[in-house]
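This report looks at how side chains pack in one protein chain. The sequence and the coordinates come first.

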Amino acid sequence: MSSFDAGAILRETRDYIREAVPGEYKSLQLERVVFGLFFTGVKLNNGDGGICFTPVKAIPEAVCCPSSAKVMPLSGRLKGMEADRVLREMEEGNPLKKALGIATLNALSLTLERSQGTPNFEVVLEKDALDLLTLHEEEFVVVVGALAPYLKRLKARGKPFRVLEMDPRTLKKDEMPFYSPAEEAPLYVPKADLLVVTGTSLVNDTLEGLLALARKDARVVVLGPTASQYPRAFFERGVDMLGGIRVTAPDDLLDLLAEAGSGYHFFGRSAERTTIVPRRNS
């Protein structure tokens, strides 16, 4: 198994943004934060917004008031916090601070994109990465995460595939024959001709390990609202396509998240799908 540095993509993206827009970066703060049931969202004081999957299952303390208070001790004091502090604290091991940091990093990625443009990559708007992905006839596909739309497509294809998932309860009955526990990634990922990974792997620090297992000739796609970051660190590790979102109406999005909204509620309303691929020089 290749060596890897868990969490490196997040750190490298943070450091790159910090260096690329130093003046604006120092002035950026949290203007609004929502920890929703499915997604955590932020709005920065420059108007940019970002979201991240809320890792509810990673919070065993959320069972009574005294222990729950330790999960996010800064509740009520997040507004006005410097973005840089949020990104530094996302490595403390606290699941909600991690989600908050990733959501902030996604908002900052939009800030950087507006500042620098997209000289090294192309952004396809209002297109899901899976819609742009061509399945080759004999490809063996490995999916990491219960990505329902893609699993439906693979089942209809009628070819063998494998889905790696930490919680099999998220899979349907007819998907279980293709299921393997996440711990079996070293067995299946190296066999993949096409590897599709949920962006939630950024939250639990497993993405770097999965990418290290992939063959150099494999096609690799990382997708989901959590993976809405500046793509440089992904592409340097062999990712071919990054599917995320762009927040278009931060306040409307946060209102939806506060009411337990999910992608079905905000796509096309307060956020649009994006697909990012490396720019091919002619």
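The text below covers the nonpolar cores, one helix with the strands around it, and the aromatic pairs. The model is predicted.

**Nonpolar cores**

The largest nonpolar core holds 52 residues. Within this core, Val-189 and Leu-195 have the most contacts. Helix H5, which spans residues 95-116, supplies the largest share of the core, namely eight residues. A second core, separate from the largest one, has 19 residues, among them Leu-135, Val-141, Tyr-150 and Leu-154.

The surroundings of Leu-195 can be listed in some detail. Apart from neighbours within four places in sequence, Leu-195 is in contact with Val-142, Val-144, Val-189, Leu-210, Ala-214, Arg-219, Val-220 and Val-221.

Thr-198 is placed in strand E8. The relative accessible area of Thr-198 is 16%, and because buried means under 20%, this residue counts as buried. Not counting residues up to four places away in sequence, Thr-198 touches Val-144, Gly-145, Leu-147 and Leu-223. Val-144 thus appears among the contacts of Leu-195 and also among those of Thr-198.

**Helix H6 and its strands**

Which residues of helix H6 (residues 148-157) are buried? They are Tyr-150, Leu-151 and Leu-154. These residues lie on the same side of H6, because the arc they cover around the axis is only 100°. An α-helix has 3.6 residues a turn, so residues three or four places apart point the same way. On the other side of H6, the exposed residues are Pro-149, Lys-152 and Ala-156.

The buried residues of H6 pack against three strands: E5 (141-144), E6 (161-165) and E8 (194-198). Two of the buried helix residues, Tyr-150 and Leu-154, are included in the second core. After H6 comes Gly-158, with a positive phi near 80°.

Strands E5 and E6 run parallel and are joined by four bridges. Val-141 has Phe-161 as its bridge partner in E6. Five of the five residues of E6 are buried. In a regular strand the side chains alternate between the two faces of the sheet. In E6, one side carries Phe-161, Val-163 and Glu-165 and the other Arg-162 and Leu-164, and both faces are covered. The buried residues of this strand therefore include the charged side chains of Glu-165 and Arg-162 along with Phe-161, Val-163 and Leu-164.

**Aromatic pairs**

The count of aromatic pairs is five. Two of the pairs, both edge-to-face, are set out here.

| Pair | Centre to centre | Angle between planes |
|---|---|---|
| Phe-39 and Phe-266 | 5.7 Å | 75° |
| Phe-266 and Phe-267 | 5.1 Å | 70° |

Phe-39 belongs to strand E2 (residues 39-44) and Phe-266 to helix H11 (residues 263-266), so their pair ties together parts that are 227 residues apart in sequence. Phe-39 and Phe-266 are both buried, and the relative accessibility of Phe-266 is 0%. Phe-267, in contrast, is partly exposed, at 22% relative accessibility.

What lies over the face of Phe-267? Arg-273 does, at 3.8 Å from the ring centre. Elsewhere, Tyr-16, Phe-121 and Tyr-230 form one aromatic cluster.

Methods
Residues numbered from 1 in each chain as written. Heavy atoms only, no water. Core = buried A, V, L, I, M, F, W, Y, C linked by side-chain atoms within 4.5 Å. Buried < 20%, exposed > 50% of the residue type's maximum accessible area, 1.4 Å probe, protein only. Helix = DSSP H or I, 4+ residues; strand = E, 2+ residues; numbered from the N terminus. Contact = heavy atoms within 4.5 Å. Phe/Tyr/Trp six-rings, centres within 6.5 Å; stacked < 30°, edge-to-face > 60°. Lys NZ or Arg CZ within 6 Å of the ring centre and 35° of its normal. Arc of directions from axis to C-beta. Pairing = 2+ DSSP bridges.
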